[in-house]
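Colleague: I've got a model open on my screen and I'm not sure how to read it. Could you take me through it, feature by feature?

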Amino acid sequence: MDETAHGKSLLGEFLSRRRAQLKPADVGLPDYGDRRRVPGLRREELAQLAGVSVAYYIRLEQGLSLNASPQVLDALATALRLDDAERRHLYTLSGDARQSRRRLPAERVTAAVRQLMDAFGDSPVVVLGRRSDILAWNRTGHALFAGHLAPDSPDQTATRPNTARMVFLDAHTRDLYVDWPRKARDVVGKLRQAVGKYPDDPHLASLVGELTMRSPQFATLWAQHRVRAWGMNEYRMRHPTVGELDVSQHSLPVPRGEGIRLMVTTAAPGSAAQAALRLLTQTLQPAADMSAPARPAATGTPAQVLPSVHP
């Protein structure tokens, strides 16, 4: 299958799956019960709701009609009850798939990205690539999300951590989230968005295939074709060192980063979670050197303790 056909099959699969998830009652149509031979809406019913011909809609699902107009896409999105993120995903899938043939730049953390990370101080920061690979983290980000992994693991290109893989296959990461199912849905939705944007990325396809084979939960969620937008999400985390804390995870796109994002974790001012993040930061500080004796001052004056020097 050539690239254009592959890209268009993603559109057809998305339309078909989302059509199957809608019940007639959801859109005000009569339900004929056992007489219905297909799950969800029929093609004819969705075409009617969207105001397009049945033949044209069938060609869309089969990948035989290219470049649907914005008016048709809007009508389909409304008929399918898509939210804003899913609507944008529909537009991405319906675009000219030949655009994805351009060679994507290698993912790397530039000096400018390092400076941006430093600007957030002690807040946990993780740099994510297009496939949700962890490209870098600061000390607090490492301690919050993956203290069980080596600090330099993001530097190992071939084996660097991947957040989707960690959420579904790593017991430590699964235990971090009190509401793990919601975190799992968010991760799959963002990965689904990435596949729509980069349909010809072989490493991304390999990741999806691996997770589908190794995680039944991932396979079930992936088949639903739900999409999640990057932005801000709130979670309750259960950290082995500082306990439970309610945090916000902010995803910030890196300018000219081609899909690279900074994920910054914050907590409400004055909250127990903020105190927990500060405690986590303090556990990473090198201990003051208290073993050296105080340097005596001149005779008749109190001894002075030299200030500790941190590397």
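Modeller: Let's go from the whole chain to helices, cores, rings and charged pairs. One thing before we start: this is a predicted model.

Colleague: Fine. How many helices and strands does the chain have?

Modeller: The count is 13 helices and five strands. They are built from a chain of 311 residues, and 42% of those count as buried. The accessible surface is about 17100 Å², with carbon and sulfur atoms supplying 53% of it.

Colleague: And what do the contacts say about residues far apart in sequence?

Modeller: Take the contacts between residues at least 6 apart in sequence: 57% of them join residues at least 24 apart.

Colleague: Next, helices. How do I read which way a residue points?

Modeller: Here's the general idea: an α-helix has 3.6 residues a turn, so residues three or four places apart point the same way. Now try helix α3, residues 54-61.

Colleague: Which residues of α3 are buried?

Modeller: Y56, Y57, L60 and E61. They span an arc of only 140° around the axis, so they sit on the same side of α3. Look just past the helix too: α3 is followed by G63, which has a positive phi, near 75°.

Colleague: What about the inside of the protein?

Modeller: In soluble globular proteins, nonpolar side chains tend to be buried together. In this model the largest nonpolar core has 43 residues, and those touching the most other members are L15, L90, F168, L191 and F218. Helix α10 gives this core its largest share, seven residues. Apart from this core lies another one of 22 residues, including W137, M166, L176 and Y235.

Colleague: F168 was in that list. Which residues is F168 in contact with, leaving aside its neighbours within four places in sequence?

Modeller: There are several; among them are R174, W180, V188, L211, F218 and L221. Keep W180 and F218 in mind for the next topic.

Colleague: Is that about rings? How do I describe two of them together?

Modeller: A pair of aromatic rings is described by the distance of the centres and the angle of the planes. The structure holds four aromatic pairs. For F168 and W180, the centres are 5.6 Å apart and the planes are at 80°, so this pair is edge-to-face. F168 belongs to helix α8 (residues 163-169) and W180 to helix α10, so the pair ties together parts 12 residues apart in sequence.

Colleague: Are F168 and W180 buried or exposed?

Modeller: Both are buried. Now compare the rings of F218 and W222: their centres are 5.5 Å apart and their planes are at 15°, so that pair is stacked. F218 and W222 are four residues apart in helix α12 (residues 216-222), about one helical turn. F218 is buried at 0% relative accessibility, and W222 is buried as well, at 13%. Put together, F168, W180, F218 and W222 form one aromatic cluster.

Colleague: On to charges, then. How many salt bridges does the structure hold?

Modeller: It holds 11. Start in helix α10 (residues 180-197), where R182 and D186 lie four residues apart, about one turn of the helix. They form a salt bridge, with the closest N and O atoms 4.0 Å apart.

Colleague: How accessible are R182 and D186?

Modeller: R182 has 27% relative accessibility, so it counts as partly exposed. D186 has 6%, so it is buried.

Colleague: Can you give me another one inside a helix?

Modeller: Try helix α11 (residues 202-214), where R214 and E210 are also about one helical turn from each other, being four residues apart. The closest N and O atoms of their salt bridge are 2.9 Å apart. R214 counts as exposed at 54%, while E210 is partly exposed at 21%.

Colleague: And what joins E244 and R238?

Modeller: Their side chains meet in a salt bridge, 4.0 Å from N to O. Both partners are partly exposed: E244 has a relative accessible area of 47% and R238 has 37%.

Colleague: Which residues are linked in a network of salt bridges?

Modeller: That network links E107, R130, R131, D133 and D201. Find those five on your screen and you'll have finished the tour.

Notes: Residues are numbered from 1 along each chain as its sequence is written. This is a predicted model: local features need pLDDT of at least 70, side-chain atom pairs count only at pLDDT 80 or more; totals for chains, interfaces and linings use all residues. Side-chain values use heavy atoms; hydrogens and water are left out. Buried means under 20% relative accessible area, exposed over 50%, partly exposed in between (1.4 Å probe, protein chains only). Helices (H or I, at least four residues) and strands (E, at least two) are DSSP runs, numbered from the N terminus. The arc is that of the directions from the helix axis to the C-beta atoms. Contact means heavy atoms within 4.5 Å. Accessible areas come from the Shrake-Rupley method with a 1.4 Å probe; for residues, only the protein chains shown count as cover. A nonpolar core is a set of buried Ala, Val, Leu, Ile, Met, Phe, Trp, Tyr and Cys residues joined through side-chain atoms within 4.5 Å. Rings of Phe, Tyr and Trp (its six-membered ring) pair if their centres lie within 6.5 Å; planes under 30 degrees apart count as stacked, over 60 as edge-to-face and the rest as tilted.
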